[in-house]
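Visitor: I am new to this structure and would like a close look at one part of it. Could you pick out a salt bridge, walk me through its surroundings, and then show me what else is worth visiting?

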Amino acid sequence: MKVLITGGAGFIGSTIASAFAERGVTPVVLDSLVTGRAAFAAGKIFYTGDIGDGALLDQIFRDHPDIGVTVHCAALIVVPDSMTDPHRYYQVNLAKTLELAGHLVRNGADRMIFASTAGMYRPGPDLSVTEESGLEPQNPYTRSKMMAELLLADLCAAYGLRVVSLRYLNPIGADPRMRTGLQSSKPTHALGKMIESYELGVPFKITGVDWPTRDGTAIRDYIHVWDIARAFAEAAARFDAIVPPPARPGGPGGYQVINLGTGDGTTVRELADAFRGVVGDRFQAEEAPARPGDVVGAYVDPAKAHELLGWKPEYTIEDAIRHSLQWSARRRELDVV
Ligand SMILES: NC(=O)c1ccc[n+]([C@@H]2O[C@H](COP(=O)([O-])OP(=O)(O)OC[C@H]3O[C@@H](n4cnc5c(N)ncnc54)[C@H](O)[C@@H]3O)[C@@H](O)[C@H]2O)c1
C-alpha cells in the first residue's frame, strides 16, 4: 500500500512519511515547497506541486493506483502571518482543501487523515481539552483549520469521503534518526527560545509567573513529533475500523475527530528545568512579566486516541529537547536553509 502525503516536505509531514516508510507503507509526497524543503523528500516518491492542481492529482493517482489513504498536512501555519494576511490563509488552508477533497473524490480516493489543531478548543477550568470541549478559535489560522474541518465533514456526508481529523498542539523534537526536523533555525516556541538563549549564553526569560497553573507559568502540550507521526500511521492502519465504509456504495461516509496530546502538558518552568537537566547549569532562566498577547495555554486529554488508536506518547520531554538540540546542529550540516 502507498500513502499520499500533502505537505510531506514540511516538518510534520516529512516525519509522518518516515513513520509510514518504517512500517512498509510507501509514502508519495506532494508539496509545493512554499515552506517545505526538497531535502526532506529525498529518496521518496516526490511530486512538486500544489494541492489545488487537479491535473497533477489525477496524474498521481494514475501513477499510483495503490494509494490507500491521503494524509493532508499541506497548510500555512504561522499565526501572526494569518492575522496580517488572512486571505492567503483562507485560500490555502480552506479553499485549497476544498479543491483537494474534490480531486480525491473524483479519483475514488475516499480515505483522508487531516492534520488539524487542538488550538480551536475552549479549554475547561483545569485547562484541559477533550473532543467534547467547545470550539473557540482565536485567530485566522485556527479558524481556517476549523472551517476546513466543517467543509470536510459536509463532503463526507454527501460524497462518501471518509475523514479522520487528528488535532494536536505543539509538536517539538525531530525525527529520532535525524533525517528531518524543523526548517527554521529560530522557532518561536519556548523551546526554540531556550535553545537560542543557551547558544547565546544569555538567560532565558520565563514571561508570566501568575497564570492559574500548577507553578504559575503558562502551559503548553509539547509532544514529540515522532509520537504524532506514529499516530498518523496507526490511524491509517486502523482506518476502516475507525470510520467504516458506507453501508451502500455512494452512501454517506464518516467523520471522526481524535485529539493527540500528553494528558498533562508541560509548564514553561517545567520545560526550563527539563532543558537544564539535558544541557547542564550553563542554561539559566529568569522570571519576567507576561508579554501582551501571551495566553495561559491548554493541554489535551488523549483518552480517545488511546482507545481508538491504541496510542499514547512514548517519548519524554527530555527526549524531545535532546532531539531538538541534535537537529539544530544537524540542520546546519544538511544546509537546510
Ligand atoms: N506545527 C504545529 O505546531 C502544528 C500544530 C497543530 C497542527 N499542525 C498542522 O500540521 C500540518 C503540518 O504542519 P508543519 O508544522 O509540518 O508545517 P510546515 O510548514 O513545515 O509544513 C507544511 C507543508 O505544506 C506545504 N504546502 C503549503 N501549501 C501548499 C500547497 N498549496 N500545496 C502543496 N503543498 C503546500 C509546505 O511547503 C510545507 O512543506 C499543518 O496542516 C498544520 O496546520 C501543526
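Guide: Happily! Let us start with Arg167 and Glu149, which form a salt bridge whose closest N and O atoms are 2.8 Å apart. Arg167 sits in strand S7 (residues 162-168) and Glu149 in helix H5, so this pair ties together parts of the chain that are 18 residues apart in sequence. Please keep in mind that this is a predicted model.

How buried or exposed are the two partners? Arg167 has a relative accessible area of 6%, so it counts as buried. Glu149 is buried too, because its relative accessibility is 3%. As a general point, side chains of opposite charge can pair when their charged atoms come close.

Now stay with strand S7, where you will also find Ser165. Ser165 is buried, with a relative accessible area of 0%. Which residues does Ser165 touch, once those up to four places away in sequence are set aside? They are Phe114, Ser116, Glu149, Tyr255, Gln256, Val257 and Ile258. Glu149 therefore appears twice in our picture: Ser165 touches it, and Arg167 forms a salt bridge with it.

From here we can move to Asp110, which is found in the loop between helix H4 (86-106) and strand S5 (111-117). Leaving aside neighbours within four places in sequence, Asp110 is in contact with Gly160, Leu161 and Arg162. Asp110 counts as partly exposed, because its relative accessibility is 24%. To get a sense of distance, look across to Ala42: its C-alpha atom is separated from that of Asp110 by 27 Å, and the two residues are 68 apart along the chain.

The salt bridge we began with has company, since a search of the whole structure finds 23 salt bridges. One of them joins the side chains of Arg122 and Glu136, at 2.9 Å from N to O. This pair links distant parts of the chain, 14 residues apart: Arg122 is in the loop between S5 and strand S6 (128-129), and Glu136 is in the loop between S6 and helix H5 (140-159). Arg122 is partly exposed, with 42% relative accessibility, and Glu136 is partly exposed at 35%.

Another salt bridge brings together the side chains of Glu270 and Arg214, at 2.7 Å from N to O. Glu270 lies in helix H9 (residues 268-279), while Arg214 is in the loop between strand S9 (204-207) and strand S10 (219-220), so the pair ties together parts 56 residues apart in sequence. Glu270 is partly exposed, with a relative accessible area of 28%. Salt bridges that share partners also join Glu22, Asp175, Arg177 and Arg179 into one network.

Our last stop is the second largest pocket, which holds about 330 Å³ of space. Its lining is made up of 20 residues, and those nearest the centre are Ser185, Lys186, Pro187, Ile195 and Ser328. Where does the largest share of the lining come from? Helix H6 supplies it, with six residues. Both helix H6 (190-200) and helix H11 (317-334) give at least two residues to this lining. By class, the lining has eight nonpolar, seven polar and five charged residues. Domain 1 (2-173 + 221-259) and domain 2 (190-219 + 263-300 + 308-336) each contribute at least three residues to the lining of this pocket.

Terms used. Residues numbered from 1 in each chain as written. Predicted model: local features only at pLDDT ≥ 70, side-chain atom pairs only at ≥ 80, totals over all residues. Heavy atoms only, no water. Helix = DSSP H or I, 4+ residues; strand = E, 2+ residues; numbered from the N terminus. Buried < 20%, exposed > 50% of the residue type's maximum accessible area, 1.4 Å probe, protein only. Contact = heavy atoms within 4.5 Å. 1 Å grid on protein atoms, 1.4 Å probe; cavity = no way out; pocket = protein on both sides within 12 Å on 5 of 7 lines; lining within 4 Å. Points joined across faces, edges and corners; volume = space filled by probe spheres on them. Nonpolar A, V, L, I, M, F, W, Y, C, P; charged D, E, K, R; others polar. Domains from an automatic or database assignment. Salt bridge = Lys/Arg side-chain N within 4 Å of Asp/Glu carboxyl O.
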